[in-house]
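Dear colleague,

I am handing over the structure we spoke about, and below it you will find a written account of what was found in it. Please read the two side by side.

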Amino acid sequence: MIKRLTRGLPRGWQVTIEWLVTIVGAIVIVLAVKQWVVNPYRIPSSSMEPTLHCARPAYGCEAHFSDRVLACRFCYRLTDPKRGDIVVFHTPPLAAVRCSSGGTYVKRLIGLPGDLWEERNGYVFINGRRLDEPYIRPARRDTRTIAPIRIPRGRYFMMGDNRNASCDSRRWGTVPRSSLIGKVIATYWPPRRLGL
């Protein structure tokens, strides 16, 4: 098609136009993939340590390089979010006030719509039963006790795996489903941390 449209132009112009169309097409494909399929994110804080690393010398970080993850942007169009998923999401406005930063966070989905969530001496209880959380190291668990909270319909309760250093739903509330960007499906950097 390009050859037909550029017929009659000098050979140099034809090659230039073909290259421009190829480059623009590649950029459009990359942007479409980032918008609707997968998007990369960096872990900037220690709130998900040790599951996802951030870089030293930042407080609480265990690694020399921050983990980079891929979030599946269409997964939650096909399935419902599940307890235990690691999720990328837009924070509620209160996060910027209570955590000194808002925007995009990566946390673990702990409470589902309709759940009765509570924390007793650092342990999470869902609907009266203690949640098994093998991803929490004892040194990273806090000792808070927070009264039961009923999670509203269409909203989710997010917490970091590093409970001592996580500014999460305990401080700024639940997250609406419309704010979920995607499920973390893989770590792609650094190479030694590559995994699903």
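**The cores and the overall fold**

Trp172 touches Phe89, Pro92, Leu94, Ala95, Cys99, Tyr105, Met158 and Cys167, when residues up to four places away in sequence are not counted. Please keep in mind throughout that this is a predicted model. Trp172 is also one of the residues with the most contacts inside the largest nonpolar core, a list that it shares with Val87, Phe89, Met158 and Leu180, and that core has 14 residues in total. Two or more residues of this core come from each of the elements β3 (86-90), α4 (93-99), β4 (104-111) and β9 (155-159). There is also a second core, separate from the one just described, which is made of eleven residues and includes Met48, Val69, Val106 and Val184. As background, nonpolar side chains in soluble globular proteins tend to be buried together.

For the chain as a whole, five helices and eleven strands are assigned, and 41% of its 196 residues count as buried. Among the contacts with a separation of 6 or more, 60% are between residues that lie 24 or more positions apart. The accessible surface of the protein chain is about 11300 Å², and carbon and sulfur atoms hold 60% of that area.

**The largest pocket**

The largest pocket has a volume of about 240 Å³. It is lined by 14 residues, of which Pro44, Ser45, Ser47, Tyr105 and Lys107 are the closest to its centre. Strand β4 supplies the largest share of this lining, with four residues, and β4 is also among the elements that give two or more residues to the largest core.

**Ser46 and the loop between β1 and β2**

Ser46 is found in the loop that runs between β1 (38-42) and β2 (68-72). Is Ser46 buried or exposed? Its relative accessible area is 5%, and because the cut-off for a buried residue is under 20%, Ser46 counts as buried. A polar atom of the Ser46 side chain lies 3.3 Å from the backbone oxygen of Tyr59. Tyr59 also appears among the residues that Ser46 touches beyond four places in sequence, together with Cys54, Gly60, Cys61, Asn162 and Ala165.

Pro50 is placed in the loop between β1 and β2 as well, and the peptide bond that joins Glu49 to Pro50 is cis, with omega at about -5°.

**Tyr76 in helix α3**

Tyr76 belongs to helix α3, which covers residues 75-78, and with a relative accessible area of 10% Tyr76 is buried. Which residues does Tyr76 touch, not counting those up to four places away in sequence? They are Pro81, Asp85, Val87, Arg177, Leu180, Gly182 and Lys183, and of these Val87 and Leu180 are named among the residues with the most contacts inside the largest core. Although Tyr76 and Leu180 are 104 residues apart along the chain, their C-alpha atoms are separated by 8.3 Å.

**Gly114, Asn127 and Asn121**

Gly114 sits in the loop between β4 and β5 (116-120), where it is partly exposed, with a relative accessible area of 40%. Leaving aside neighbours within four places in sequence, Gly114 is in contact with Asn127, Arg150, Ile151 and Pro152. Gly114 and Arg153 are 39 residues apart in sequence, while the distance from C-alpha to C-alpha is 6.0 Å.

Asn127, one of those contacts of Gly114, lies in the loop between β6 and β7 (129-130). Asn127 has a positive phi of about 55° although it is not a glycine, and it is partly exposed, with a relative accessible area of 44%. Asn121, in the loop between β5 and β6 (123-126), likewise has a positive phi, near 50°, and Asn121 is partly exposed at a relative accessible area of 48%.

**The other cis peptide bond**

Trp189 and Pro190 are joined by a cis peptide bond, for which omega is about -5°, and Pro190 belongs to the segment that follows β11 (180-189). As a general point of reference for the backbone geometry described above, most residues other than glycine have a negative phi, and most peptide bonds are trans.

With best regards

Technical notes. Residues numbered from 1 in each chain as written. Predicted model: local features only at pLDDT ≥ 70, side-chain atom pairs only at ≥ 80, totals over all residues. Heavy atoms only, no water. Buried < 20%, exposed > 50% of the residue type's maximum accessible area, 1.4 Å probe, protein only. Contact = heavy atoms within 4.5 Å. Areas by Shrake-Rupley, 256 points an atom, 1.4 Å probe, with all protein chains shown as cover. Polar contact = N/O pair within 3.5 Å; in protein donor to acceptor, adjacent residues only side chain to side chain. Core = buried A, V, L, I, M, F, W, Y, C linked by side-chain atoms within 4.5 Å. 1 Å grid on protein atoms, 1.4 Å probe; cavity = no way out; pocket = protein on both sides within 12 Å on 5 of 7 lines; lining within 4 Å. Points joined across faces, edges and corners; volume = space filled by probe spheres on them.
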